[in-house]
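Please look at how the two chains meet in the structure below, and follow the explanation from a single contact outward to the whole interface.

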Amino acid sequence: MTVVAVLSMRVALAAGRGAATTSQTVTSARWGSVVVLQGQSATSGALVIDWTNVKKNPYQFIDLVNTSTVALLGQTMTLSTTRNGSGNQPLPTISLTLCRSGSWDATAGTCSGTTADLGSTTTGSITVTEPVAVGGRLALRASTSAGTGSPFTSTFSSAVSRAQIPVGSVVNR
Amino acid sequence: MRQSLHRTLSSWRGLVIAFIGGVLLLVAGPSVFASLTAQTSNASPQTVASGTLKLTMSSTNPSAGFSTSITNLAPGDAVNRYIDLTNSGTLDSQGLTLGIASTGTASLITDGVAPVTTKALRVTVRSCVAAWNQTNGTCADAGGAVTQIASAPLSTFASAQSFTDASLAAAAGLRLQIQVSLPDQNETTTNGVLPTNTVQNGSVGLTYTFTEVQRTATTTNS
């Protein structure tokens, strides 16, 4: 902390001036999340999954990672699905299941915690209201029915709005 | 011959007399033109001292004041810091102001201009005659807190802002609550990519300068 005092008497109208100066740094938070394959580190961008052998493997295990500097109250996942080949088959439905307080065994397809259905869609949004701590992740299973026909591709996106982080607080210190 | 010698001596005698007379006149002359002089002095020297104008600030215990950073502000957050500002000189002051020089993330300094709707950090200055309650940020004085400088974006403080109570008597002080807040605002982050013109993940360096000017000069008759 610097304290400066100047008393100027150079001219008749000059007035003394005292000043006290100090500095401070202020930083702001960021919020957001990303979808990655199970256990992978978080990188920005959407996750694209090719469902090539649905009959044999109707599951994909993914993580929803909180990349914020604040806890998340929720987030919105958006799925976009397209057929890889031509044809007019209907788009398959993708269902999301959360493994709460646990993790998915990708081999057995089982959850070590408790499961919660988050919703399903062909192309659209699913709102996730599960809180996630800073740096935390949600373990999800994406599944589709076995008889969905030709291969298709799903794009998983996540978005976090202001309303999905805690309300502001006043800190005195 | 004798007559000639006598004449020569006579002429020398005149010169000698004139010389002696001149010398006497030089020696005695000033006495003829002397005047009277009288003086007086104070027995002990008069002391003349100049005043001092000093402005000091310190954190109001237990507040960290400005000494620690404010981090991770989210929309709607506010942080109150407490400082004591004192006119520690011997002169009364006037024209108390606060200026803040801000460097860093532009969106935290200046409000966005349409179509950009970001809102920058705000600073508010309040004072309390009594001690601040640093647990809940309230002023213990019956009259409540006084808003010295209303909430304004950082960019406004590039020009010094005047206090409501702009005069400080010598040795007087103000108990200040300095609030830094980030206004509530909507932003959505998709796939971990921050939106453009975001207020997120920003950092600014703030240099606070409190300034006072000496009271109006006076002429005293006494």
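In this predicted model, the rule finds one salt bridge across the interface of chain A and chain B. That salt bridge is formed by the side chains of A:Arg162 and B:Asp184, with a distance of 2.7 Å from N to O. Polar contacts add to this picture, for 38 residue pairs between chain A and chain B are in polar contact, counting pairs with both residues at pLDDT 80 or more.

On the side of chain A that touches chain B, the elements that give two or more residues are β1 (2–6), β2 (17–28), β3 (33–37), β13 (152–161) and β14 (170–172) of chain A. The largest share comes from β2(A), which supplies twelve residues. By residue type, this side of chain A divides into 20 nonpolar, 21 polar and four charged residues.

The strand β2(A) also pairs across the interface: eleven bridges join β2(A) to strand β12 of chain B, residues 203–214, and the two strands run antiparallel. To find one place in this pairing, the reader can start from A:Thr27, whose bridge partner in β12(B) is B:Ser203.

Taken as a whole, the interface brings 45 residues of chain A into contact with 62 residues of chain B. The size of an interface is often given as the accessible area lost when the parts come together. Between chain A and chain B the buried area is about 4300 Å², and carbon and sulfur atoms give 49% of that area. Of the area that chain A buries against chain B, A:Gln24, A:Val26 and A:Arg173 supply 19%, more than any other three residues.

Key
Residues numbered from 1 in each chain as written. Chains lettered and ligands numbered in written order. Predicted model: local features only at pLDDT ≥ 70, side-chain atom pairs only at ≥ 80, totals over all residues. Heavy atoms only, no water. Contact = heavy atoms within 4.5 Å. Buried area = accessible area lost by both parts, 1.4 Å probe. Salt bridge = Lys/Arg side-chain N within 4 Å of Asp/Glu carboxyl O. Polar contact = N/O pair within 3.5 Å; in protein donor to acceptor, adjacent residues only side chain to side chain. Helix = DSSP H or I, 4+ residues; strand = E, 2+ residues; numbered from the N terminus. Nonpolar A, V, L, I, M, F, W, Y, C, P; charged D, E, K, R; others polar. Pairing = 2+ DSSP bridges.
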